[in-house]
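Trainee: I have this model open and would like a close look at one part of it. Could you walk me through the open sheet in chain B, and then show me what lies around it in the other chains?

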Amino acid sequence: MFPFSFEWIWDAGHLVFHGGLWYALTVLGLGMTYCIIKAVLDAGKGKGDHHH
Amino acid sequence: MKVDRRSFLAFILGGAAGTALSPLPWKITDDIAIWSQNWPWIPVPPKGEISQVSSACTLCPGGCGISVKKVDERVIKIEGLAGHPVNDGGLCPLGNSGTQLLYGPERIRTPLKKVNGRWQQISWQDAITELAAHLRQLRANGSAQAVGWLAGSDRGTVPELFNRFLTVYGSPNFWRTPSIWDSYELALYLTQGTRSRAGFDLENADFVLSFGSGLIEGWGSPGYMFRAKSMFRKAGGRMDQIEPRLSKTAAKSDHWISVNPGTEGALAYGLAHVIIKERLYNQDFVNAYSSGLPERYQQVIDGFPPEIVSKITGISAGTILTLARDFAAARKPLAICGQGQGHVPGSLQAFLAVHTLNALVGNINRPGGVWAVPEPDYIDWPELEIDAVAAEGLQKPRIDGAGTYRYPNARYLLHRLPEVINASAESPLKVLFVNDANPVYSLQDTAAVKKAFEKIPLVVSFSSYLDETSAQADMLLPNHMYLERYQDVPAAPGFPKPIISLSQPAVEPQYNTRHVGDVVIQLAKELGHTIGAAFAWDDYNSCLEETLGDRWDGLIEDGFWVNADYSGTQWADAFETDSARFEFTNKDIRTLAAYEPIKPEGDEAAYPLLLVPYDSMRLASGYVGSPPFMIKALEDTILKGNDVLVEINPDTARQLGLSEGRLANLATPRGSARVKVRLTQGIMPGLVALPRGLGYSGDNKFLDGKGVNYNRLSSPVDDPASGYNAAWGIRAKLS
Amino acid sequence: MKNGNFKKFGMVIDLDKCTGCGACMVACYAENNIPFREDDTDKMLSVSWMHVYRLNNGKPFPDYEECFLPRPCQHCEGHHGHSPCVSVCPATATDYNMATGIVSQIYPRCFGCRYCMGACPYHVRQFNWWDPIWPDGMEKMLNPNVSVRMRGVVEKCSFCVQRYQLAMDQAYMEGRQEIEEDDYQTACTETCPAGAITFGDLNNPEHAVHQLAQPDPAHEGRPKNPKAFRLLERLGTNPKIYYLSRREWVRRAGDNYLKGEFQNKAHS
Amino acid sequence: MDTALIPKGVKRCPIWQFALWISANGAVLAWGVFAMLLVYIKGLNQTNMNNAYGFALWIWADLAVIALGGGAFFTGFLRYLVGKEELKYIINYAVLIGFICYSSALMILGFDIGQPLRGWFIFWHANVHSMLTEVAFCLTCYFGVLTIEYIPMVLENRKLDKVPFFHNLGHNMHEIMAVFAATGAFLSFFHQGSLGGVPGVMFGRPFGFREGVLIWPWTFFLFTWSAAAFGPCFTIFITKITETLTRKKLVKDNVIDLLAKISGWMIFFYIIAKIIDTIYWATVTAPSKGFTFLEFYTNNPGSAYGLWILIAEIGVCGVLPALILITPKLRRIQGFLWLAVFLGVIGVCLNRWVMVLQVLAVPVLTFEDWFTYLPSWQEVATTLLPVAYGVIMISVSYRYLPIFPQERELNPIDEPAAAAREVIPEPSAAGPEPELSPAES
């Protein structure tokens, strides 16, 4: 999974496979980070407060 | 501080998130994985110094050389001894499993004595003192002959010590485990006049005609037979197997000739008939080195023309003719007999018939032939002083009748012992020592054997295991395992050269056991008098070393001694008969009951099928049962769960309405058992085949309670010619 | 390393010599610390690296014939080391060693997904359905050169690779670069009482296995010896176990053939 | 009691009824958990798998639920990437079903391995050449996607929505849902395909093996395709069951019709591809390995591997539902729609069954026979466990979350007082959830 595992080789298979994997994980991670940070900021602005 | 629900939840969630982000979960996950790789209940065998001991296997009479591999003081593996003349590095499944017998939890760890039906520990000294007192009493009562000794073999120093003890004590009642070698020895003695063992130069034969012998199923010395079979086959040799069931030997043969069971002798006579009729025999041998062929032909062989033999055996006359011609035409043809592994001595006349075939083709003491190998002669102990009591006891007839007017030629008739004991109000045998034998399992009609053993007042077993015989014993004096002791292993059945191998201890005795040789010597010394005087050695090891003399060092070094140059005595000097020739017949042979196929017990109407046993290298059927490794390696066509599979022909199954895998009841006049049905085209219709070597009782969970003991369902049948057991099967029904 | 320096350990099993005695199986159990159970009769639940099959010619009595076929791991090379089992293992717990041709199994790495078992058409891969248990005292017989497996992992014949290691160590200590044919033999080969098994380097023309099988490098090691065959060669597994038999029906049983194919093969 | 949690404007059954229903399913769940614990503690000897059947009921269940859960990624793909707006009325439910399917699959995989404690080696020591590695990675990642898609639904719960952070989070996630859906579709394409690749690359197993392009055997594409084709069938099927049990119309017919039509055409083209694949395999691939097509099927009495299974899979459960669903007249008849989606579900399950079990059952060595297998009760219980879990998940989600956007519109409630006067149908213990007004709850 990581280049420091001993079975890791820098070949096409590993680059394509893990490239795809880390790409997907990055998209998901960044997307969620964006949503959470924005939600905190929005909440600070008082958005979504039904009781105001 | 007020803890409301919200802050509590926040605390929990925050804590969880914090923990998740810390290295802790990762560390734990990793530790758990490492733990799963090192579970404490999975043993880790300790490393150590690797060493090897050259020794000999005594788990069967085969006499294979073994190399015992050790790590420090642990035996980790047993391998065949490379360069050993018998097996040259090869080793059978049983030999390979020996370590499990050494370390098995079922071993008897200390001498035991049965008190009110329960085993109690006893010290070696007390056991020997008690035995000596008992034996002294018997001698004082003039019943010295009421002591018997049953051993796995009668060759080598250990059985010789037993014999010596009995002789000086005053009893003729020594037995060895019955086998085809009883018949082979007798056939050789009657025709050639020598007390010798049959050896087969199998590796050099070019046509092996086997009358049911399990050449690769444990017949003779498996270590040698397997190797020799590969050699002669590689050289292009032919192999024909005559038997009603496709054994492994038959499967490896060029021709499987399916014969009506028990009629192999008739076929041999039929072949001889053709060979003589067509003058295909070895003129040189028959004319110059034999006598009595015309008479034998006239009296016996003439009665077996192909048409009649065909009727008896179920083999076509054409096949008989071809077979006889091929056999006679081969350069080095060799006929062998004795069913399967050879547990049943068989019909003497059939053995004589097969031996006649070898004589007709002149393949006696010749390359590729049958050799009369001299018995080992290294045991040369001081003369015995026989006192009056002993002399009187030795004069008494043997309890089993061997050597009496009824059975003049037989030496040991162990199978008759139960009958004799059960027929008497009080057992004529008062003390029986049993070593390397498990008669309560291995003699046919085990119910009768057990009853007889119950009647013997004192049975002493030297077994390492609580086997069927030990269970009937009154005293258990466990011998060292073969990996813990010295013992000479003279000869290997069927091996063509004189050989002695040496068992050497690979490890210290694991438990409070004692070498049976030491026990005999100590018992003799305890008895004192002429008996003690006959055993002057300090202990067994010094006896062995002294006996082997010059050969000792070589045996310790190599593990064996062999007369490699031996190639059979030349015809001119080979025969010690009255005529100094090979005698096809003589006054002894003439008086033997005539050949006829042996009839097994049972009424055909009530028991329409014939139950025949078969042997397999996958199952030990000697004095030790199969160790766990062998049971593991056993085919699922033999054992499934705890049920043994019996083989029947699909035609037979159809008639009986049985189908593959069905449970059925196998009944014989001697008992019945639950079996599973296996259909195979590899068996003659009308037969049921059951493997030997299953159906042990006891509490070894790897072996006991699995399958059925053939001997429980069958019964011995006296051979009219020799008195030996000749039962090849028993009538049965399957439903 | 040039291709020529690679070893390719393989085996030739002479089915005419094999007696079906099972000594190979037991020697393997003892050498490789293979566990045993009270009831090991269900062969599909039992661990036995070597298994002896019982083949028959399908004919009725009395023309019926049988043959025994010992089956260790075939150590398939596939195309360029692409053996059926190695490529499917998700956790890199099995490996095709290019230097020896041995397919290894790393027990502590295996997590028991059993994909390799499904991928192997020979059933050489077996699963530890139970934790191994040795009866009291019998753990003394365990071989320290072979690790004892835990439940839940797959295991298989390793060509007694520990013996190769020991032989290499020995050679190194004696200052030798190479090991001799006799230095490295598997437990089953050594014990076979009929001498039916031959083991050695298929790439080495001096070795008996090479001479017996006559592998054809142009056709992925297909035997040139007309009496030799490999199991399921047509699947492209490129196994390193060669079988010899003089009986045609036995050779035919080694692979699947459509009608007429086997005869055509025999004639070509 | 739980009124505050129930979405506004919808009716739900009384809490005791709900509790009864949940406990009935909970009992099955507990049975499954018990079996699962047995398997964890005692090991895989609790199953009837063996060395011939290394893969069995569980792996089949795994493949089947993943295929059925394919409705989630494909509906998402259609909704967010193709722009089929109507599908927004069913996407929630598709996601929920997908979430249940995928969490079940992961759970099954968790106990189907011999050494669960080091199951993560599949990630850590990944062999990128193994189809199973790809499955594991994409499956886990896609489960993450489904969780991301499910979270906003949870956050829409009346109570949770009141928390501004949750409200905003849900809103934000909705905003960029297309990105997540696209990633999900990408991951799904690969793991669905890799599951097909599992048998497809087994060149030692001629029943499963297929040629292909590059590293991907044809089964790779067929699996992805069939999951996309049959997944919506399952979504519709479960929706229909839910409607029946709740005695409510929850999704408008035009939505169902659109999904059914797309599913129908997908099945139609899939089944053509499958037939071509089968013919090529039967006439070219298998014979090249010495097998005739018929050798792969057994007529042993009671066999699960007869030729009938192929006819059932391709004909009855493939061609037939495809024809029904692509014919507007037929698919608009409720009975036919029910039949078609049911057959479709069975069809894809059958396909996964043969591609897992028959692959292993077919003898390859000429001297071996067909292998047989019957699951142990532990396997059955653990396979029913996700079913019970799914029912509970759906029940809870339905009760507390606005899963069906059209529910309020399709089931307008009168004023609470009027509803209270209605006679409440008596439910059986394990029976459907009767509707109730919030006032009575």
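Mentor: Happy to; we will begin with the sheet, then go to the contacts of chain B, and end with chains C and D. Keep in mind throughout that this is a predicted model.

The sheet in chain B is an open one built from 7 strands, and their order is β5-β4-β17-β16-β15-β6-β7. The pairing in this sheet is mixed. Its edges are held by β5 (118-121) and β7 (174-176) of chain B. Each of these two has a single partner strand, so one side of each is left without a neighbour in the sheet.

Start at the β5 edge. β4(B) and β5(B) pair in the antiparallel sense over 4 bridges, and across this pairing B:V115 stands opposite B:R118 of β5(B). The two strands form a hairpin with 2 residues between them. In that hairpin B:N116 has a positive phi, near 50°. That is worth a pause, as most residues other than glycine have a negative phi.

Now step one strand inward. Strand β4 of chain B covers residues 112-115, and strand β17 of chain B covers residues 475-476. These two also pair in the antiparallel sense, over 2 bridges. If you want one pair to click on, B:L112 has B:L476 of β17(B) as its bridge partner. As you follow any of these strands, remember that in a regular strand the side chains alternate between the two faces of the sheet.

At the other end of the order there is a helix to look for. Helix α6 of chain B, residues 157-169, lies across β6 (147-151), β7 and β15 (431-435) of chain B. Relative to β6(B), this helix runs at about 170°.

Next come the contacts of chain B. Where chain B touches chain C, the contact takes 64 residues from chain B and 52 residues from chain C. On the chain B side, the elements that give two or more residues include β3 (74-80), α4 (98-103), α8 (222-234) and α27 (628-633) of chain B. α8(B) gives the most to that side, with 7 residues. By type, this side of chain B divides into 30 nonpolar, 19 polar and 15 charged residues. Chain B touches chain D too, through 4 residues from chain B and 4 residues from chain D. There the chain B side divides into 2 nonpolar, 2 polar and no charged residues.

In chain C, a few backbone details deserve a look. The peptide bond from C:F61 to C:P62 is cis, with omega near 0°, and C:P62 sits in the loop between β2 (51-56) and β3 (66-71) of chain C. Most peptide bonds, by contrast, are trans. C:H75 has a positive phi near 45° and lies in the loop between β3 and β4 (94-96) of chain C. C:H75 counts as buried because it has 27 C-beta neighbours inside 10 Å. C:H123 has a positive phi as well, near 60°, and belongs to the loop between α2 (115-119) and β6 (126-127) of chain C. With 21 C-beta neighbours inside 10 Å, C:H123 also counts as buried.

Last, chain D. Its secondary structure comes to 17 helices and 2 strands. The radius of gyration of chain D is 23 Å, close to the 22 Å that the globule rule gives for 441 residues, so chain D is as compact as a globular protein of that length. The C-alpha trace of chain D spans about 75 × 50 × 45 Å along its principal axes, and 55% of its residues count as buried.

Helix α1 of chain D, residues 15-42, is a good one to trace. This helix has 28 residues and reaches 38 Å from its first C-alpha to its last, close to the 40 Å expected at 1.5 Å a residue. Among the buried residues of α1(D) are D:W21, D:N25, D:L29 and D:G32. An α-helix has 3.6 residues a turn, so residues three or four places apart point the same way. The buried residues of α1(D) pack against α4 (88-112) and α15 (377-400) of chain D. After α1(D) comes D:G43, whose phi is positive, near 100°.

Definitions and conventions
Residues numbered from 1 in each chain as written. Chains lettered and ligands numbered in written order. Predicted model: local features only at pLDDT ≥ 70, side-chain atom pairs only at ≥ 80, totals over all residues. Rg over C-alpha atoms; globule rule 2.2 N^0.38 Å. Buried ≥ 20, exposed ≤ 12 C-beta atoms within 10 Å, placed from the backbone. Contact = placed C-beta atoms within 7 Å. Nonpolar A, V, L, I, M, F, W, Y, C, P; charged D, E, K, R; others polar. Pairing = 2+ DSSP bridges. Axes fitted to C-alpha atoms, helices over the stretch in contact; angles between N-to-C directions. Expected span 1.5 Å × (residues − 1).
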